[in-house]
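Student: I should like to understand how the descriptive terms applied to a structure follow from its values. May we work through some of them?

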Amino acid sequence: MENKCGNDIDQTIEYYEINASAFIESTIGADVSGLYKPFEDLLVPGCRILDLGCGSGRDSNYFANKGYDVVAADPSPSMCAQTRSLVNIPVFKMKAEDIQFSNEFDAVWACASLLHVSKDDQTETLRAIGTALKPGGICYCSWKYGDKERVVEERIFVDFTEKSFRKALEKASMFSEEKIWITNDVRISRQDQKWLNVLIKKRADFGQ
């Protein structure tokens, strides 16, 4: 199973390499302002944000233009290059589950990116995010709503419901829950797709 998931994740990265232009075109103009607001309500001006799974660079560009100190990461070289073309920030080529930052960020933004982490690695990835955050740091993340782990068009997808996410969060043991809410996809062609949106805070007793 571990080898299969590993192969599926590599195929997911290859998919984004092959389809980079189409993916960027379909996402860069998506209006996610409704997701920015609850995240920014918990931030302070100039705070340091990790855009984890930066994709088209849309969100990195937005946060940098708002005056935040932004660092981006994505496992796809094409997505890293696209983000660098939009905004002059550090961009690292790495998977979400492989980040190794420590107490560096005030916030992590992982919009529609952790859904490509295998089910078995979700809790450890949340712990890696927790390690990257300063005590009291905020993380936004989102998954398609459901309970499946599947491969669609050569991409691995892991879905979460409130219940299954809370189980993973409890295992990670580093966070408190700030907010969980459901939205529809902002892309007109996919408005019937529901998303689980989550805001969590790193507990102050971790990383002191």
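Tutor: Certainly. The model is a predicted one. We may begin with a pair of helices: H6 and H7 are described as oblique to each other.

Student: Why are H6 and H7 called oblique to each other?

Tutor: H6 (residues 122-132) and H7 (residues 162-172) pack at an angle of about 55°, and their axes are 9 Å apart. Roughly parallel requires an angle under 35 degrees, and roughly perpendicular covers 65 to 115. An angle of about 55° falls in neither range, and H6 and H7 are therefore oblique. The crossing of H6 past H7 is right-handed.

Student: Which residues make the contact between H6 and H7?

Tutor: H6 contributes Thr123, Leu126 and Arg127, while H7 contributes Phe165, Ala168, Leu169, Lys171 and Ala172. By class, five residues in this contact are nonpolar, one is polar and two are charged.

Student: What makes H2 oblique to H5?

Tutor: Helix H2 (residues 20-27) packs against helix H5 (residues 77-86) at an angle of about 50°, with the axes 10 Å apart. Because that angle lies between the limit of 35 degrees for roughly parallel and the start of the roughly perpendicular range at 65, H2 is oblique to H5. Their crossing is right-handed. Ala20, Phe23 and Ile24 of H2 meet Ser78, Met79 and Gln82 of H5. This contact has four nonpolar, two polar and no charged residues.

Student: Which residues of the largest nonpolar core touch the most other members?

Tutor: That core has 34 residues, and those touching the most other members are Leu50, Leu52, Leu114, Ile129, Trp143 and Phe165. Elements giving two or more residues to the core include strand E1 (48-52), strand E5 (133-144) and helix H6 (122-132). Another core, of 23 residues, lies apart from it, with Leu43, Phe63, Ile138 and Tyr140 among its members.

Student: With which residues is leucine 52 in contact, leaving aside its neighbours within four places in sequence?

Tutor: Leucine 52 is then in contact with Ala73, Ala96, Ile99, Val108, Trp109, Ala110, Cys111, Ser113, Leu114 and Ile129.

Student: Why is glutamine 11 called partly exposed?

Tutor: Glutamine 11, which lies in helix H1 (residues 2-18), has a relative accessible area of 35%. Buried requires under 20% and exposed over 50%; because 35% lies between these limits, glutamine 11 is partly exposed.

Student: How far apart are glutamine 11 and glutamate 154 in sequence and in space?

Tutor: They are 143 residues apart in sequence and 6.0 Å apart in space, C-alpha to C-alpha.

Note on methods
Residues numbered from 1 in each chain as written. Predicted model: local features only at pLDDT ≥ 70, side-chain atom pairs only at ≥ 80, totals over all residues. Heavy atoms only, no water. Axes fitted to C-alpha atoms, helices over the stretch in contact; angles between N-to-C directions. Helix = DSSP H or I, 4+ residues; strand = E, 2+ residues; numbered from the N terminus. Parallel < 35°, antiparallel > 145°, perpendicular 65-115°, else oblique. Left-handed = near helix turned anticlockwise from the far one by under 90°. Contact = heavy atoms within 4.5 Å. Nonpolar A, V, L, I, M, F, W, Y, C, P; charged D, E, K, R; others polar. Core = buried A, V, L, I, M, F, W, Y, C linked by side-chain atoms within 4.5 Å. Buried < 20%, exposed > 50% of the residue type's maximum accessible area, 1.4 Å probe, protein only.
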